[in-house]
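Me: Hello! I have just opened this entry and would like to get to know it. Could you walk me through a few questions?

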Amino acid sequence: MQFKIQKGNGLKGEIIVPGDKSISHRAIMLASLADGKSEISGLLEGEDCNATIEVFRMMGISISKQKGNFLIEGKGLRGLEEPSGPLDFKNSGTSVRLCSGVLAAQEFSSTLIGDTSLSSRPMKRIIEPLGLMGANTSSTEEGTLPIMVEPVDSLQSIKYSLPVASAQVKSCLLFAGLYSQGITEIEEKITTRDHTERMFEQFGIPIEVFQSKAAKLIKLNKVEDINPTNINICGDFSSASFFILAALITPNSELLLRNVGVNSTRIGFLHALRHMGANIELKNEIKTFEPTADILVRTSTLKGITLNTNLVANMIDEMPAFFIAASLAEGITKVKDANELRTKESDRLQVMSEVLNSFGVKFRLEEDGILINGLGKNGTFKASEINSHGDHRIAMASSIGSLRSDGETSVLDCLNVNTSFPNFIDVCKEVGINIEAS
Ligand code: S3P
């Protein structure tokens, strides 16, 4: 699938973006492991979360949709059944890594597979600490899928300091920690998204979090059972980021994004943009288990910045959109300590540098970051053909960037947008973006 986008002007409207992908995965997982029925509203119906749903259905969990909400009939921590074949996580890194923590503790074997992109992503980061817990999980020699899980008598808790800033690794170990004898302690020196910790609390799982200046320490005891609960999932800040970008870079624009998750561990993009001079207001802030707000964004003149490296983990999925904003800012933007971008659905440093190149932006690519020489507030991108390499966030960031190009831009290999934002084209059209998919 490819998108064709025309130069933009005057984007206006109020929109609702789809449910948060990270929160949706965790809700499906915990509801499946709870003792009884949970009802989930606002769940993301994208391919990544559908993969998680299918995986739990294959293990005997009934998941149905009624009046727009999902009903999940959990069978308890020990209620999953042996799947009849390999569990296919398709494109979803979050799902395969988090579910590995659950599967490592089951009394049956399982094989975890994924698509070509997921099959090239690093899994040693979870295999190694799961091994320290006594799990029998293995991957290929290169540390990639398939992951083979063999049952063990029991898992033991560990004290583990995360070597990479990864919420997926942290969460994998927290899920395994639900089954592990003793207290699992996880230290993170760089704060990553805390949706698992929050979702555990929502399902009544006691979890303690100690925050010091140097690190965050999470403690979790083995759990016997999980209470079912009803969960309302907010809009995904990462999906919202494309429309925040669209309003900022398109002349005469004003967009209101309703009911978006603004968890402080997710909104580094917002802080970075404000630092660049972006006109973004948060309205109607609500402090529920995952805080939400309406986000009002207007066309802004942006200045280049040196990105505070503490923000990188909190805007890791927004980096493609951030690179586009930086390319249209006045002056230079520097990003470093962002090696993790190379381990995503594509090597996002490499692929985004190719996008910037096609757009005619000057930059210097480094091993762990990039220096971007912004074109300034009147700058325009060269209309071109962009290859998104089947990466949803690259496809959407480049499509939105095309609003500032000097003609029609084509973005190739966009089908993967369905993993996180299946109605992206419809929402684009709603606010006045001239985009067609073919
Ligand atoms: C996610 C964590 C991040 C993020 C991914 C979702 C999660 O990955 O990039 O899209 O839901 O825990 P890492 O943990 O690999 O940084």
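Me: Which residues surround the ligand?
Reply: Happy to help, and keep in mind that this is a predicted model. The shell around the ligand divides into 3 nonpolar, 4 polar and 4 charged residues. By name, the ligand is surrounded by Ser22, Arg26, Thr94, Ala165, Ser166, Ala167, Gln168, Arg193, Ile316, Asp317 and Lys344.

Me: Which residue has an N or O atom in its side chain 2.6 Å from an oxygen atom of the ligand?
Reply: Let's go through some polar contacts. A polar backbone atom of Ala167 is 3.0 Å from a ligand oxygen, and a polar backbone atom of Gln168 is 2.9 Å from a ligand oxygen. The side-chain contact at 2.6 Å belongs to Asp317.

Me: How much of the ligand's accessible area does the protein cover?
Reply: On its own, the ligand has 380 Å² of accessible area. It sits in the largest pocket, and helix H1 (21-33) and helix H5 (167-177) each give two or more residues to the shell around it. The share covered by the protein is 95%.

Me: Which strands stand at the edges of the open sheet?
Reply: The sheet has 4 strands in the order S4-S5-S3-S16, with mixed pairing. Each edge strand has a single partner, so one of its sides has no neighbour in the sheet. The edge strands are S4 (62-66) and S16 (231-232).

Me: What is the bridge partner of Ser41 in S16?
Reply: Strand S3 covers residues 35-41 and runs parallel to S16, joined to it by 2 bridges. In S16, the partner of Ser41 is Asn232.

How values were computed
Residues are numbered from 1 along each chain as its sequence is written. This is a predicted model: local features need pLDDT of at least 70, side-chain atom pairs count only at pLDDT 80 or more; totals for chains, interfaces and linings use all residues. Side-chain values use heavy atoms; hydrogens and water are left out. A residue is near a molecule or strand if one of its heavy atoms lies within 4 Å of it. A polar contact is a pair of N or O atoms within 3.5 Å; within protein, one must be able to donate a hydrogen and the other to accept it, and residues adjacent in sequence count only if both atoms are side-chain atoms. Accessible areas come from the Shrake-Rupley method with a 1.4 Å probe; for residues, only the protein chains shown count as cover. On a 1 Å grid over the protein atoms alone, a cavity is a set of points where a 1.4 Å probe fits but cannot get out, and a pocket is an open set with protein on both sides within 12 Å along at least five of seven lines; lining residues have an atom within 4 Å of a point. A molecule sits in a cavity or pocket if more than half of its atoms lie within 2 Å of its grid points. Ala, Val, Leu, Ile, Met, Phe, Trp, Tyr, Cys and Pro count as nonpolar, Asp, Glu, Lys and Arg as charged, and the others, Gly among them, as polar. Two strands pair if DSSP finds at least two bridges between them.
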